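Please open the model in your viewer, with a selection panel and a distance tool at hand, and follow the stops below in order.

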Amino acid sequence: MAIKCPKCERIYELLVFDAKGRVCCVCGENLVIEQEDVFERLQEICKQYELKLEEEEKTAQIRKMADSIVAMILNTECGFDEVELEKNKLKLMILEITPDKVHLYELIYEPRFRRLWKKIRESGFK
Ligand SMILES: [Zn+2]
């Protein structure tokens with residue numbers, strides 16, 4: 001949301017208005033906004049920030065689990081079925097916390113695990 005000066009049509013973001021909801025335009029016009037608009041704007045900013053934090057936390061959780069599967073393939077003797085089980089858990093986790101990004105599993109994680117499995121477990125070098 002932004003306020004347009006009625007005189008010169010310059011645009012002002014709500015953030016530049018002072019605590020009383022006023023700003024003086026460069027053309028000399030005094031612009032005033034309603035307190036409720038300010039609160040609404042601030043609430044919106046806070047909410048977006050919180051959502052972003054939450055998102056980051058979830059992403060970190062997913063990454064951590066993916067890393068543990070990589071470690072499982074690399075450093076343990078866990079069999080194919082066990083790894084598949086963990087992979088399914090990861091997929092369910094992604095589905096649960098970011099359903100709109102579940103396709104990322106197939107695009108990023110699954111090929112990565114499969115490549116790694118092939119390289120480490122089927123090359124005979126372990
Ligand atoms: Zn103006």
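What follows is a tour of a predicted model, taken from the loops between the strands to the packing of the helices.

**Stop 1: the strand loops**

Begin by selecting Glu9, which sits in the loop between β1 (2–4) and β2 (11–13). If you display its backbone torsions, you will find phi near 70 degrees, a positive value in a residue that is not glycine. Is Glu9 buried or exposed? Glu9 counts as exposed, because 9 other C-beta atoms lie within 10 Å and a count of 12 or fewer is the criterion for that class.

Go on to Asp18, in the loop between β2 and β3, which is likewise surrounded by 9 other C-beta atoms within 10 Å and is exposed. A distance drawn from the C-alpha of Asp18 to that of Ile33 should read 9.8 Å, for a pair 15 residues apart in sequence.

Then select Cys25, which belongs to the loop between β3 (22–24) and β4 (30–32). With 17 other C-beta atoms within 10 Å, Cys25 is partly exposed. Which residues does Cys25 contact, once its neighbours within four places in sequence are left aside? They are Cys5, Lys7, Cys8, Arg10 and Leu31. Before leaving this part of the model, draw a line from Cys25 to Lys118: the two are 93 residues apart in sequence, and their C-alpha atoms lie 65 Å apart in space.

**Stop 2: helix α1 against helix α2**

Now select α1 (35–75) together with α2 (80–97). Their axes come within 10 Å and cross at roughly 170 degrees, and that angle makes α1 roughly antiparallel to α2. To show the contact, display Lys58, Ile62, Met65, Ala66, Ile69, Met72 and Ile73 on the α1 side, and on the α2 side Val83, Glu86, Lys87, Leu90, Met93, Ile94 and Ile97. By class, this contact holds eleven nonpolar residues, no polar ones and three charged ones.

Ile62 of α1 deserves a selection of its own. Ile62 counts as partly exposed, with 18 C-beta neighbours inside 10 Å, and, if residues up to four places away in sequence are not counted, Ile62 touches Met93 and Ile94. From the C-alpha of Ile62 to that of Leu116, 54 residues apart along the chain, the separation is 18 Å.

**Stop 3: helix α1 against helix α3**

Keep α1 displayed and add α3 (103–121). How do the axes of α1 and α3 cross? They come within 9 Å and cross at roughly 15 degrees, which makes α1 roughly parallel to α3, and the crossing is right-handed. The contact brings Ala66, Ile69, Val70, Ile73 and Leu74 of α1 to Tyr109, Phe113, Leu116, Trp117, Ile120 and Arg121 of α3. Ten of these residues are nonpolar, none is polar and one is charged.

Asp67, also in α1, is exposed, with 10 other C-beta atoms within 10 Å. Its C-alpha atom is separated by 10.0 Å from that of Phe113, 46 residues away along the chain.

**Stop 4: helix α2 against helix α3**

Hide α1 for a moment and keep the other two helices. The axes of α2 and α3 come within 11 Å and cross at roughly 165 degrees, so α2 is roughly antiparallel to α3; the crossing is right-handed. Here Val83, Lys87, Leu90, Lys91 and Ile94 in α2 meet Leu104, Tyr105, Tyr109, Phe113 and Trp117 in α3. Eight of the contact residues are nonpolar, none is polar and two are charged.

**Stop 5: the nonpolar core**

Finish by bringing α1 back and selecting the largest nonpolar core. Which residues form this core? There are seven: Ala66, Ile69, Ile73, Ile94, Tyr105, Tyr109 and Phe113. The elements that contribute two or more residues to the core are α1 and α3.

As a last selection within the core, centre the view on Ile73, which, not counting residues up to four places away in sequence, touches Val83, Phe113, Leu116, Trp117, Ile120 and Arg121. Ile73 also appears in the list for the contact of α1 with α2 and in that for the contact of α1 with α3.

Note on methods. Residues numbered from 1 in each chain as written. Predicted model: local features only at pLDDT ≥ 70, side-chain atom pairs only at ≥ 80, totals over all residues. Axes fitted to C-alpha atoms, helices over the stretch in contact; angles between N-to-C directions. Helix = DSSP H or I, 4+ residues; strand = E, 2+ residues; numbered from the N terminus. Parallel < 35°, antiparallel > 145°, perpendicular 65-115°, else oblique. Left-handed = near helix turned anticlockwise from the far one by under 90°. Contact = placed C-beta atoms within 7 Å. Nonpolar A, V, L, I, M, F, W, Y, C, P; charged D, E, K, R; others polar. Core = buried A, V, L, I, M, F, W, Y, C linked by C-beta atoms within 7 Å. Buried ≥ 20, exposed ≤ 12 C-beta atoms within 10 Å, placed from the backbone.
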